[in-house]
Amino acid sequence: MNNSGGATISPDLVPDELYQPSSWQYKGEGNSNIILTYIGELDNFKLTVLRLRKSEEEKKDALNINNNSGGFSNKQDEQQDNSIQSSSIDPQTFTVFYVRDVIAPLIGTEHTSELALLRVTPTFLQKLSKSISSHRSSNRVNKDIDLKQRYAILSPDYTKFQSNNSSSSKQQESPTNTISIEIKPKWAFIPTSTHIAASNSIKRKTCRFCMHQYYKHKTTTTAVVTDYCPLDLFSLKEDRLRRAIGALISTPVNNFKLFVDGLLVDLAKTNWQLLLKGFFVHEKNGTNTLNEDNDNDNASKITEYLITLLTATILKEHILFSRLKHLQKTLDELDIEGIMKLLSSPTSSSSSYIQQLFAVEPSLEEWRTASLRYLERIEKHTGNGTLQSSNFNDNNGSSNEKPLMDDAEIKQRILEFLFSTTLKDSILKLDYYHDLDMKIVRNFLDYIKKELEETDDNSHSVFLGANKRKCFE
Ligand SMILES: [Zn+2]
């Protein structure tokens, strides 16, 4: 409790109703968290969700910062822990303070949620687990709510809107009709670091996300190769944005979710678009834009309207998207290949120094300091908002020279790189990350090679367009 300060709701002030399982309804879950939405009577909590950690036994020890085995299965690739942990602090408390003190200064407080900690007990968690069990999908139930967590996180439910057309407090609390989307945009840039080896130069032509699609296709039976390229989304050009959103809608995988009035829409269902009918019935020149008798026609019209709406919304939020791109690019300025050089070819005592540093995961205080130092570095190095080359050999293009950084700077760059991974894929392990990077590159080159051979043969069994994939910023 000492660390949680003002972000924790004092137990005396927590209404009993929050501890009634019937006040919470299952909303969704990922690999690491389960989200419940408040359906009780208290107006103050009407648009609130409760985030609970799931147990994580099967993966906890598998990933170690000094682990060089590189032999993780694809299942493990997909099952990375999506949150940051520290040995000295409760993980949920850590998350709340990490968002508030580390991420919010980088992204901007206007773009981050207000989170609060709610003290929970094993009995309450057990009851919740029971009450939501019938709503969970069978492919997720292998991991249950972690009964050992001491806190859950309360945050705003962004899938519902508060009505703001009345000053009456009662009406302000009631949700109005809402379309809400969740996008995991992933990598926003093509790396330019001079530390990328010539044999990996494909990384300068095809973005990491697009290459990763082919790796997933190779290693999992269910993966589809999507046409979505994050660089289209981050281009903030209308035609490319429309293409990106269209691809996200047709192959959402886990990068896109659509909610209508707080409920997740199943985008695999035929004519799901009709759920949005009420939002897109317009009178145009005296006629309704939707044809009452033709569902298929209406569905494709509504898809187009939705793409138009989302494109306009993203263009309106262009500052956030530009900021995310700039953050990813500057935090990951050296690329994982440069970071691995910092770790493996030090000029001084850096190797043992760095290993010592990461024997335990960085503390909240270390993350806070790194966040501030990054902002100072960016301010110092950028006159016009773009970071010029770093002082780590980027001036001569040689990829073999030893790092010129002192230990403190090396540590800073590694922490910055780890920030960048949380803004892209939420992976915090350097060796794992490097290993995956290499697998993705090798696999993509393999696909290109095979496709070129198959084109000669006039056979198309592996043709997925790898050699035609061109990504550009
Ligand atoms: Zn791409």
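Biologist: Which residue of strand 2 does Tyr-26 stand opposite?
Modeller: Tyr-26 stands opposite Leu-36 of strand 2. Note that this is a predicted model.

Biologist: What makes strand 1 and strand 2 a pair?
Modeller: Five bridges join them, and they run antiparallel. Pairing takes at least two bridges, so strand 1 and strand 2 qualify.

Biologist: How do you know that strand 2 and strand 3 pair?
Modeller: Strand 2 covers residues 33-38, and five bridges tie it to strand 3 in the antiparallel sense. Leu-36 appears here again, opposite Leu-50 in strand 3.

Biologist: What joins strand 3 to strand 5?
Modeller: Four bridges, again antiparallel; strand 5 spans residues 151-156. Val-49 has Ser-155 of strand 5 as its bridge partner.

Biologist: In what order do the five strands of the open sheet run?
Modeller: The order is 1-2-3-5-4, with antiparallel pairing.

Biologist: What makes strand 1 and strand 4 edge strands?
Modeller: Each pairs on one side only; strand 1 is 24-29 and strand 4 is 116-119. Within this sheet, neighbouring strands are turned by 35° against each other on average, direction ignored.

Biologist: Which strands does helix 2 lie across?
Modeller: Helix 2, residues 91-107, lies across strand 3, strand 4 and strand 5. Helix 2 runs at about 30° to strand 5.

Biologist: Why is strand 3 called mostly covered?
Modeller: A residue is buried if 20 or more other C-beta atoms lie within 10 Å of its own. In strand 3, residues 48-53, six of six residues are buried, so the strand is called mostly covered.

Biologist: Which residues point each way from strand 3?
Modeller: Thr-48, Leu-50 and Leu-52 point one way. Val-49, Arg-51 and Arg-53 point the other way. All are buried, the two arginines included. For the protein, buried residues make up 29% of the 473 residues.

Biologist: Why are helix 7 and helix 8 called oblique?
Modeller: They pack at an angle of about 125°, with axes 9 Å apart. Roughly perpendicular covers 65 to 115 degrees, and roughly antiparallel needs over 145. The angle of about 125° fits neither, therefore helix 7 and helix 8 are oblique to each other. Helix 7 is residues 238-250 and helix 8 is residues 295-316. Their crossing is right-handed.

Biologist: Which residues of helix 7 and helix 8 meet?
Modeller: Helix 7 brings Glu-238, Leu-241, Arg-242, Ile-245, Gly-246 and Ile-249. Helix 8 answers with Thr-303, Leu-306, Ile-307, Leu-310, Thr-311 and Ile-314. By class, the contact holds seven nonpolar, three polar and two charged residues.

Biologist: What makes helix 12 roughly perpendicular to helix 13?
Modeller: Their axes cross at roughly 95° and come within 10 Å. The range for roughly perpendicular is 65 to 115 degrees, so helix 12 and helix 13 earn the term. Helix 12 is residues 364-381, and helix 13 is residues 407-422.

Biologist: Which residues make the contact of helix 12 with helix 13?
Modeller: Glu-366, Trp-367, Ala-370, Arg-373 and Tyr-374 come from helix 12. Gln-412, Leu-415 and Glu-416 come from helix 13. The classes are four nonpolar, one polar and three charged.

Biologist: How many helices and strands does the protein have?
Modeller: The protein has 14 helices and twelve strands. Among its contacts with a separation of 6 or more, 65% join residues 24 or more positions apart.

Conventions. Residues are numbered from 1 along each chain as its sequence is written. This is a predicted model: local features need pLDDT of at least 70, side-chain atom pairs count only at pLDDT 80 or more; totals for chains, interfaces and linings use all residues. Axes are lines fitted to C-alpha atoms, for helices over the stretch in contact, and angles run from 0 to 180 degrees between N-to-C directions. Angles under 35 degrees count as roughly parallel, over 145 as roughly antiparallel, 65 to 115 as roughly perpendicular and the rest as oblique. A crossing is left-handed if the near helix is turned anticlockwise from the far one by less than a right angle, and right-handed if clockwise. Two residues are in contact if their C-beta atoms, placed from the backbone, lie within 7 Å. Ala, Val, Leu, Ile, Met, Phe, Trp, Tyr, Cys and Pro count as nonpolar, Asp, Glu, Lys and Arg as charged, and the others, Gly among them, as polar. A residue is buried if 20 or more other C-beta atoms lie within 10 Å of its own, exposed if 12 or fewer, and partly exposed in between; C-beta atoms are placed from the backbone.
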